[in-house]
Amino acid sequence: MAKKPYYITTAIAYTSGKPHIGNTYEAILADAIARFKRKEGYDVFFQTGTDEHGQKIQEKAQAAGVTPQAFVDNVAGEIKGIWDLVNTSYDKFMRTTDDDHVKQVSKIFKKLYDQGDIYKGYYEGMYCTPCESFWTESQLVDGKCPDCGREVKPAKEEAYFFKMGKYADRLIEHINTHPEFIQPVSRKNEMMNNFLLKGLQDLCVSRTSFSWGIPVDFDNRHVVYVWMDALTNYITGIGFDADGNHGEKYKKYWPADLHLIGKDILRFHTIYWPIFLMAMGEPLPKQVFGHPWLLQGDGKMSKSKGNVIYADDLARLFGVDAVRYFVLHEMPFDNDGQITWELVTERFNTELANVLGNLVNRTIAMINKYFDGTVAKSLTANEEDPDAEFKATVTSVAAKVQAKADELRIADAITEVFALFRRANKYIDETMPWALAKDESKKARLNDVLYNLAEAIQIGASLLDSFMPETSEKILAAYGGESRTLEDCASFGLRDSVTVTTIPPLFVRIDFKALAPEIEKIQQEQAAAYAAEMAKTAPAEKKAEKAETTAVETPVEEEKTPEISFDDFVKVQLRVGEIIACEPVPKSNKLLKETVKFGDEVRTIVSGIAKHYKPEEMVGKKVVFVTNLAPRKVCGIVSEGMIMAAEDEDGTLSLIVPDKDIKSGANLG
């Protein structure tokens, strides 16, 4: 009997830079779903990849002094490397610069134009370059992009438009008659109420203000706008042909069973993409799941905020499967999750080291100690308490895991597996093998207890293989078995005997204090890399000079200084900061960029003191800073405070420093 096909995709990652752990989470989640579907017996095709066209990439390539193709080749390679690092078992890594994709996008555009769904016009509105989106004045939030909050600028250009309204009623009907189409339900309500029911504007589907894109072949001044280009990857990647000569994979796997995407791009996948497919006469995907965000602390990760955590750094310090466990288990189904270095360490110690690692290794140790590495299946019909309940609990877990996984509640599925491991630890406390070992007459009972533990661990490891594949493989190898099917996980005592092999501890507890210097080093390197990136796009020296003036460089005559109230004064937050790194700002002879530690917080601050202090003199100093100024960009670097200094009439500058050694972060007052 042929396996039932299952096609799952991620959103393709934008090649503007290295993906952080929040982006990587999506690839890991898709991989866990794909692996579990294979375990259920499906013929899975898992596609991921990169989105490589657009104005933002063209500008970044120009700033880097390379061609757009060279730029995206480098970034796409980095993204693929990270996906491989975290063990994503994709079947195809798709790139929108692939020749077959480019060819099909051109054909799709022409087909839709010929049938009257696309027409030429003019677009005038407010344009956000990072989001590559046009907005009307009424759509802006506080005058800024409603999606990312960045600045927008007026733009007008000739463009081709897609007649969205032509298919809107049909899409509304589809959503209403297919409640599973948009998940979770809150995302469906958002799309219906905020967009579809308010009426759809025609969509801009070409651009003329930049050239890095797929050309409109019948009007070469235009390139296909990024969303029509990017969204069609889901069909071009499996052999769709606009002329109808589809490849075998398309015939087999389309419509997709699941598009897994971030909630921020839901509109494009549940409105634009289905309408494009309707216009092409193709079936719609069965489900679009908009997963929540993984936030750093209580905010969205952003290089400009300096709070980015990357998967490769996490994997180096904690291991790949620890990273997979954290992002899969800590993300709620419908709400944003949080990640911090401290939280990852805490979960590593309590869940992986204590619950799982300790169980696996001490059971191996007892089997080796008491039975020379091999325990046999019990032949005793009468089971002692708590064996019957223990076995029933263990064999019930597979069905629970499957039910949760089929609902895409992966965090809950993992919770069920770890409930099994916790029950096994409790079983050890209940049966006390070390006490049984002291009584030779209870040798058979000791054998049964350890065999039961070995069975439970093998079932748990088999259920874990979709989520933590390397760990599962290590456990099963140590217990001399292979990953079991879901059906076999519901049975106890499948092996006549179990022979174990000693392995190194799976997870060794980590002291967060010992990690702190490495984490600080990572943050400093990121800050330096971000500053270098910003420097490449900094304005010309003449414009930059205007932004260099700081309070310490502009002495004000005392008699002209206005009085302020005490209430005004206390609004200024003054703190002692320790300068842990310092370097000159490129293209400026006045500015230094300091990396400053305030207690557990690290900030970047730009100061106009380069004529008075060398970078190497600054490192290690504890200086007073103003820390509640609004961040501002100076020579392309975001400065998050102001250094305090005094300057006399001769131009001598002196930093304000405490007269005694005091902890960084201390407040003045």
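Which residues in α11 meet which residues in α13? I would like to open with that contact, and I should say at once that we are looking at a predicted model. On the α11 side the residues are D313, L314, L317 and F318, and in α13 they meet W341, V344, T345 and F348. Sorted by class, the residues of this contact divide into 6 nonpolar, 1 polar and 1 charged. As for the geometry, α11 covers residues 311-318 and α13 covers residues 341-371, and the two helices pack at an angle of about 40 degrees with their axes 12 Å apart. The crossing of α11 and α13 is right-handed.

Let me step back to the whole chain before going on to a second helix pair. The chain has 669 residues, of which 54% are buried, and it carries 23 helices and 26 strands. The C-alpha trace spans about 95 × 80 × 45 Å along its principal axes. If we take the contacts with a separation of 6 or more, 75% of them are between residues 24 or more positions apart.

The second helix pair is α5, residues 165-177, with α10, residues 266-280, and here the packing angle is about 110 degrees, with the axes 10 Å apart. Since angles of 65 to 115 degrees count as roughly perpendicular, α5 and α10 are therefore roughly perpendicular to each other. The crossing of α5 and α10 is right-handed. From α5 the contact takes in Y167, R170, L171, H174 and I175, while α10 brings T270, I271, P274, I275, M278 and A279. By class, this contact of α5 with α10 has 8 nonpolar, 2 polar and 1 charged residues.

Now to a sheet. What is the strand order in the open sheet of 5 strands? The order runs β20-β19-β18-β21-β24, and the pairing is antiparallel. β20 and β24, the latter being residues 642-643, stand at the edges with a single partner strand each, so one side of each is left without a neighbour in the sheet. Even so, β20, residues 601-607, is mostly covered, with 5 of its 7 residues buried.

Moving inward from that edge, β19, residues 592-598, pairs with β20 in the antiparallel sense over 7 bridges, and one of the partnerships is that of K597 with V602 in β20. The hairpin of β19 and β20 has 2 residues between the strands, and in this hairpin G599 takes a positive phi near 65 degrees. On to the next pair: β18, residues 574-584, and β19 are antiparallel over 6 bridges, with I579 standing opposite V596 in β19.

That brings me to backbone geometry, where it helps to recall that most residues other than glycine have a negative phi, and most peptide bonds are trans. Against that background, the peptide bond from Q183 to P184 is cis, with omega near -10 degrees, and P184 lies in the loop between β8, residues 182-183, and α6, residues 185-194. The peptide bond from W254 to P255 is also cis, with omega near 10 degrees, and P255 is found in the loop between α9, residues 248-253, and β12, residues 258-262.

Two aspartates deserve a mention for their phi values. D142 is not a glycine and has a positive phi near 55 degrees; D142 lies in the loop between β6, residues 133-135, and β7, residues 153-162. Is D142 buried or exposed? With a relative accessible area of 77%, D142 is exposed, because the cut-off for exposed is over 50%. D372, which is not a glycine either, has a positive phi of about 55 degrees, and D372 is found in the loop between α13 and β16, residues 374-376. At 75% relative accessibility, D372 counts as exposed.

I will finish with G480, which is placed in the loop between α18, residues 469-478, and α19, residues 486-489. G480 has 46% relative accessibility and therefore counts as partly exposed. Leaving aside residues up to four places away in sequence, G480 touches R495 and T499. By contrast, W227 is 253 residues apart from G480 along the chain, and the C-alpha atoms of G480 and W227 are separated by 50 Å.

Methods: Residues numbered from 1 in each chain as written. Predicted model: local features only at pLDDT ≥ 70, side-chain atom pairs only at ≥ 80, totals over all residues. Heavy atoms only, no water. Axes fitted to C-alpha atoms, helices over the stretch in contact; angles between N-to-C directions. Helix = DSSP H or I, 4+ residues; strand = E, 2+ residues; numbered from the N terminus. Parallel < 35°, antiparallel > 145°, perpendicular 65-115°, else oblique. Left-handed = near helix turned anticlockwise from the far one by under 90°. Contact = heavy atoms within 4.5 Å. Nonpolar A, V, L, I, M, F, W, Y, C, P; charged D, E, K, R; others polar. Buried < 20%, exposed > 50% of the residue type's maximum accessible area, 1.4 Å probe, protein only. Pairing = 2+ DSSP bridges.
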